Amino acid sequence: MSERTVDTAEPLAGADPMESATEAFVAHRSLLFTVAYEMLGSATDAEDVLQETWLRWVGVDRATVREERAYLVRIVTRQALDRLRALRRRKESYVGPWLPEPLLTAPDVAEDAELADSVSMAMLLVLETLQPTERAVFVLREVFDLDYDEIAEAVGKSPAAVRQLAYRARSHVAARRPRGTATPAETRAALQAFQRAVETGELQSLLDILAPDVVALNDGGGVKHALLRPIVGVGDVARLLAAGWWRRDAERVLEPAELNGAPGLLVRVDGEIDGVVAVQVENGRVAGLYHVRNPEKLSHVDRETSMTR
């Protein structure tokens, strides 16, 4: 359960209102970004939502604010919901599979197991299958542990309706979420074996590290070469990797990194980031393989992003 800080409703006498508003926003910025990112699966759009949240926050009469954290979360949720509905329309014309925008995350994200699970590529893909309001309710309740009254204010629904949405979203996610969460050590071990197998191109090594029902998704956004459909099954995925799919236009280097709270790989070409590879590990094998090459989605993997609950 996340801690809640109760803030003073009114700024101190003589305090600069803009300075006070800025301090409150900065204090909660990491939390607000995390809420927006989990709702959108896009760091770029989450940053835009934070800008919109800031513009609304500075126009608020602070004397009417009972608790700054809750008020800011309410603003960011409403802005993210509007953006999420627009994104859903944009994704309908997306070229090839759509994957969440990856983040280079600090070690403390991985230390919070619940947070790391909630921002993993696999979980963000599950959240994509929810309706926008269901996703907002699920994120605010299951990840940030807000009470139903707070969520109701944020999404513009009654507490009773929010309870129903939360139940439906929980059931939906439970039926689709990854089977068992691997520890960082298990993921790192599987990823190292996967990296060795890919770099050598040994088919048997790939067959040994991939799960029987492995799914490979490749996101180039119509800009970079990428697979236009999911590849399913150990045989097809292993043959694809053994044939050198990952290095078809240049000699590449795979570099371990912490992505979305878990071990992953940066793909570099001539020292420049060309993509990232994230994995979902089950029973010591790679069950989900997510390769993002769309340049528009790589702006947050050259520096660590702060996230918190």
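Here are some notes on a predicted model, going through its largest pocket, a helix pair and a few single residues.

1. Let's start with the largest pocket. It holds about 420 Å³ of space, and 24 residues line it. Nearest its centre are Ser120, Thr181, Ala182, Thr187 and Ala262, so if you want to find the pocket on screen, you could start from those names.

2. Which elements build that lining? At least two residues each come from α5, α6 (121-127), α10 (184-200), β5 (262-269) and β6 (272-282). Strand β6 gives the largest share, with 4 residues. By type, the lining of the largest pocket splits into 15 nonpolar, 8 polar and 1 charged.

3. Helix α5 (residues 113-118) deserves a second look through Leu115, which lies in this helix. Is Leu115 buried or exposed? With a relative accessibility of 2%, Leu115 falls under the 20% limit and therefore counts as buried. Setting aside residues up to four places away in sequence, Leu115 touches Thr34, Glu38 and Val109, along with Met307, Thr308 and Arg309. Trp98 is another matter: 17 residues separate Leu115 and Trp98 along the chain, and their C-alpha atoms are 22 Å apart.

4. Next, the pairing of helix α7 (residues 132-143) with helix α8 (residues 148-155). The two pack at an angle of about 145°, and their axes are 10 Å apart. The crossing of α7 past α8 is right-handed. On the α7 side the contact uses Thr133, Ala136, Val137, Leu140 and Arg141, while α8 brings Tyr148, Ile151, Ala154 and Val155. Sorted by type, the residues of this contact are 7 nonpolar, 1 polar and 1 charged.

5. Thr53 sits in helix α2 (residues 43-57). Its relative accessibility is 0%, so Thr53 counts as buried. What does Thr53 touch, leaving aside its neighbours within four places in sequence? Its contacts are Phe25, Leu72, Ile75, Val76 and Gln79.

6. Val95 is in the loop between α3 (68-91) and β1 (104-105). Its relative accessible area is 43%, which means that Val95 is partly exposed, as the value lies between the 20% and 50% limits. Apart from neighbours within four places in sequence, Val95 is in contact with Gly221, Gly222 and Leu228. Ala46 and Val95 are 49 residues apart along the chain, and 22 Å separates their C-alpha atoms.

7. Two loop residues are worth checking for backbone geometry. Asp270, in the loop between β5 and β6, has a phi near 55°, a positive value in a residue other than glycine. Asp270 has a relative accessible area of 75%, so this residue is exposed.

8. The other one is Asn283, found in the loop between β6 and β7 (285-292). Here too phi is positive, near 55°, in a residue other than glycine. Is Asn283 buried or exposed? Its relative accessibility is 82%, over the 50% limit, and therefore Asn283 counts as exposed.

9. To tie a few of these points together: strand β6, which supplies 4 residues to the lining of the largest pocket, has Asp270 in the loop that links β5 to it and Asn283 in the loop between β6 and β7. Helix α5 likewise turns up twice, once as a contributor of at least two lining residues and once as the home of Leu115.

Methods. Residues numbered from 1 in each chain as written. Predicted model: local features only at pLDDT ≥ 70, side-chain atom pairs only at ≥ 80, totals over all residues. Heavy atoms only, no water. Buried < 20%, exposed > 50% of the residue type's maximum accessible area, 1.4 Å probe, protein only. Contact = heavy atoms within 4.5 Å. Axes fitted to C-alpha atoms, helices over the stretch in contact; angles between N-to-C directions. Left-handed = near helix turned anticlockwise from the far one by under 90°. Nonpolar A, V, L, I, M, F, W, Y, C, P; charged D, E, K, R; others polar. 1 Å grid on protein atoms, 1.4 Å probe; cavity = no way out; pocket = protein on both sides within 12 Å on 5 of 7 lines; lining within 4 Å. Points joined across faces, edges and corners; volume = space filled by probe spheres on them.
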